[in-house]
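Reader: Before I look at any contacts in detail, could you take me through the side-chain interactions and say how each assignment is reached?

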Amino acid sequence: MTSQEPERPLKSIGGPVDQLDLVAVVNASQAVSGAIIFDKLVETLMLVAVEHAGAERGLLILSQDGNSQIEAEAARGPDKVEVHLRQQPVSASAVPESILHYVVRTGQKVILDDARVQNLFSGDEYVRRRCPRSVLCLPITKQGELMGILYLENNLTPRAFTPDRQALLELLASQAAISLENARLYADLVQENADRKRAEEAVRASEQELNRLNRTLQTLYECNRALIHATDELELFRSVCRILVDMGGLRLAWVGCCENDIEKTVRPLAYAGYGADYLEQVKISWGEETEMGRGPTGIALRTGKPYWVKDTRIDPALAPWRTDAVARGYASCVTLPLIADGIRLGSLSLYAAEPDAFNESTIEQYTDLASNLAYGVVALRTRAERRRAEAALREHAVKLSQANEVLKRSLNALARDQHLHGFVDQVLVVLTEQLGSRSSTLWLIDVEHCRGYLHLVCQDGRVVAAQHSDHPNAREPRQWSSDDPAWIALQVKRPFVHYDAVNNPQATPTPAHRAYFSSLGVRSLVWLPLVFGEQLIGMLSVRITANRKIDDEELEFAQALAQQVTLALELARFAEQAKQTALVVEKERAARERAAELAKANEALLECLDALALVPELDEFLGQVMIAITRQLGATSSALRWRNHQQNCLTLDFVFQDGRVMTPAEANYPENLRSVPLDEPRMLESPVTVLHLLDNLVALPEAHRSYLAGLGVKTLLNIPLVIARQLIGSLTFRFNDDREFRPEEIEIARALAIQASLAIQLTRLAKAARQTAVLEERNQLAGEIHDSLAQFFTGISMQLGAAKEVNQTGVGNVSSFLERASDLAQFGLAEARRSAFSLQPAIIEESGLIEALQRLVERSNIPGRLRCNFHSTGVPEERLPPAVQQDLLRIAQEAMSNAVRHAKPTVINVNLRSRPPNLVLEIADNGSGIADAEAASKEGFGFSNMRARAENIGAKLEVRTAAGRGTTVVVHAPMNF
């Protein structure tokens, strides 16, 4: 309950409770009113209130913007009253909220003389929990406005807050209201002054920052101007450093370049400002392995981000250089990496005379400058590289023109020379002259045996055969081991340059070669492998006496000439094969015709020689010829037609368009236009035919003209493909412009078309040769089958006829004739198996010698009549060349066939064993044997064939036989393959 006490005179505070001393009241009021600082005022008010009110605990609750919070709490201690300033929300654990709300709502004080007695606020949670005895809650108001509440309590004594003390507290509350207002006004004034000072300082700082930013922007503008007008990388760096120092007010600016040495040095390229000797003395690295690489420059280059040193006196990253930097007045610095397209170019380092001279804004601006500078360097290098490339291109064009002239001379020589070997001599001379050499050699390579045979030697413009030269390998081949570096270099099948030829182990493996090259003054060797398809067939070796480097253009030109030599050698080999085939099949006439065709092929060596040398497949080669001519002439597309002799027309086979060779169906070529009538006499009259479709007088079917017009074709170039004055097809090229052709363009197209014809003819000749070989093999097999199987079948027929006659007459034993017929049938079956086995030409490649012999022996068994055994010991089958395995297999087959036919054995043993240095093949039977072994081995029984095969592989054939004691055939084959 609230209680209102009548007014009483103020008594002394220090005296009895009913007396109030005016001096004490005045002192307390002055103490409260004298405090102007808010915190001091609150502390004084709480101290005076608790001390003079006889309270144990007190709270000052202030209201602002409709919210109340506890500003201070005072509590009486053993010796003194302690005041704690705090700002915390009002809660039921700190103050009786119902009393507080009542005072706020009514503006009246609340006094409880004994809160433990039932009253209006007994239900309050704080009152029930804390059980205070005396409670006083006093509003602090000013001009009717509630400013706060003073809450006091005494938990020991009821009626602790007497009327006199209430009067004092009300007086203090009035004075506190005024003082709190003044303190707040004073605090606001102090805050306003502080804010104004901070604003003024911010304005001054902004002005300074703006001036610095303007200076930075002006500096960057001048740097960008220098970047735009730069023509030299070093001069650009110097200009930028000078601008950064002169206009940017920096102490030092320098640009460093990243070296790729062991120490990963950063080498100064350009600088401006004070302290050039600093750059001469310091050592900086961009690697983190050493202390010199863990500074600002190394960190920036490794991370790709700027490194900022605010104060050089304390930053640990600058420790190795701190003394020199401080001595030269470098107070702060920043290092910016120069990186473009992921490539580390170098660094830009800036030093200022004052600490913390760089901030995030300026560093961002300088970072943009570093990026522009890096890309500017790349642009300058690209421009310089382009100029160098243009100069190299011009130089290359001059060399190419010279090379073309040399090639033209070479090709002209080929056109005039009827013998390919003479052309090879000419190419050797041209190649030697073009590379600035005096001598060169041509070698033929035996890949299987790792040998090189010296073929020709060119010395001082004259070509001689190997045996007429003084070369160390003039009369004996050069032998390499499979792991010899020189042999490995050849297997790569690319040109090689061996510098210091006298001491190079790859070029001169023997003392004889060293002495020979020393006598000629040879400094370098150029090796040009001769490759046909994927096979290494030879090598050109050019000796260089001058001490110089061989560039790529020279190697490419030399390789082109080497390809000409390769093709000429292969054409010579093909010509030889064609001649041999012609002697067997078509005699003199076919040989002369094919020789004439090969002579025509020589005239076709213009631009596509490497394609013919490297592409053995006909269809692929024809496709490359079409591509080469189409691109050479600038045609949009081309077509290849074959002659159909039965229908007397040209049928479309290939179309080249959109960058690839395709079938007519893939090219969407109309079916009704895929075959055109053949006018052979007219096509043979002219080597080429040019049709201008815009000319209505050109004789061309309307359907064909409409189709080509729809494709935008305006000109056709048709080249017939002719072999031995017979038309086999044509090449047609389309152009989307109405154009004319220079004589050299026509000549190139004709030469390439002749190459296509040559490739076709060579393919036909190879096919004819294979057919001839197959025919001979078939004739031989037919003879063997006739000599063996026919005899067995005749014997069977005779025995069955005799059995029939005995059966009809009833005189004699039929079973004996049937038994002999059965024996003959079994022997005939074994012979048939051997004959079928001999028809398998790839058996060695498929299974190897040992398995092939095993299968041969198994197929020769005749149950109850003939047992064949095979045994093999320690045979290094993987080292035997396929040709040697094939001949050994055929010798075994021939020996077993002879034994079965003539000796009637019951057991045949085949034994293959290794007896170094020979491989021994032994075929032994227990048959009738041969009385005159020497005559038999020379004249019959298949021994001549076995002996020929043995000689073919360098083996020795031995025949051991006697009448009634069987026959043994022994082959001693050397294993030095």
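The turns below deal with salt bridges, aromatic rings, charges over rings and a surface patch in a predicted model.

Reader: How many salt bridges does the count come to?
Author: The rule asks for a side-chain nitrogen of Lys or Arg within 4 Å of a carboxyl oxygen of Asp or Glu. Arginine 960 and glutamate 958 meet this rule, with their closest N and O atoms 3.0 Å apart. By this rule, the count for the model comes to 18 salt bridges.

Reader: Arginine 133 forms a salt bridge with aspartate 114; which parts of the chain does the pair link?
Author: The closest N and O atoms of arginine 133 and aspartate 114 are 3.2 Å apart. The two residues are 19 residues apart, and the pair links distant parts of the chain. Aspartate 114 lies in the loop between strand 4 (110-112) and helix 4, while arginine 133 lies in the loop between helix 4 (125-130) and strand 5 (134-142).

Reader: Is arginine 133 buried or partly exposed, and what of aspartate 114?
Author: Buried means under 20% relative accessible area, exposed means over 50%, and partly exposed is in between. Arginine 133 has a relative accessible area of 17%, so arginine 133 is buried. Aspartate 114 has a relative accessible area of 21% and is therefore partly exposed.

Reader: Arginine 130 forms a salt bridge with glutamate 153; which of the residues joined into one network are there besides these two?
Author: The closest N and O atoms of arginine 130 and glutamate 153 are 3.9 Å apart, and the pair links helix 4 with strand 6 (residues 145-154), the two residues being 23 residues apart. Arginine 130 is partly exposed at a relative accessible area of 33%, whereas glutamate 153 is buried at 0%. Salt bridges that share partners join this pair into one network with Arg57, Glu73 and Arg86.

Reader: Is the pair of tyrosine 516 and phenylalanine 517 stacked, edge-to-face or tilted?
Author: A search of the whole structure finds nine aromatic pairs. Planes under 30 degrees apart count as stacked and those over 60 as edge-to-face, with the rest counted as tilted. The rings of tyrosine 516 and phenylalanine 517 have their centres 5.8 Å apart and their planes at 50°, so the pair is tilted.

Reader: What is the angle between the planes of phenylalanine 735 and phenylalanine 741?
Author: Phenylalanine 735 counts as buried at 0% relative accessibility, and phenylalanine 741 also counts as buried, at 16%. Their rings are 5.0 Å apart, centre to centre, and form an edge-to-face pair, with an angle between the planes of 65°.

Reader: Over which ring does the charged end of lysine 264 sit, and over which ring that of lysine 310?
Author: The charged end of lysine 264 sits 5.0 Å from the centre of a ring, that of tryptophan 286. For lysine 310 the distance to the ring centre is 4.8 Å, and the ring belongs to tryptophan 308.

Reader: Which residues make the nonpolar surface patch of about 240 Å²?
Author: Patches are made of residues with over 30% relative accessible area and no salt bridge. Valine 190, in helix 5 (residues 163-229), counts as partly exposed at 39% relative accessibility. The patch is made by this valine together with two other residues, the full set being Ile37, Tyr186 and Val190.

Conventions. Residues numbered from 1 in each chain as written. Predicted model: local features only at pLDDT ≥ 70, side-chain atom pairs only at ≥ 80, totals over all residues. Heavy atoms only, no water. Patch = residues over 30% accessible without salt bridge, like charges linked within 9 Å, V, L, I, M, F, W, Y side chains within 5 Å. Areas by Shrake-Rupley, 256 points an atom, 1.4 Å probe, with all protein chains shown as cover. Helix = DSSP H or I, 4+ residues; strand = E, 2+ residues; numbered from the N terminus. Buried < 20%, exposed > 50% of the residue type's maximum accessible area, 1.4 Å probe, protein only. Phe/Tyr/Trp six-rings, centres within 6.5 Å; stacked < 30°, edge-to-face > 60°. Lys NZ or Arg CZ within 6 Å of the ring centre and 35° of its normal.
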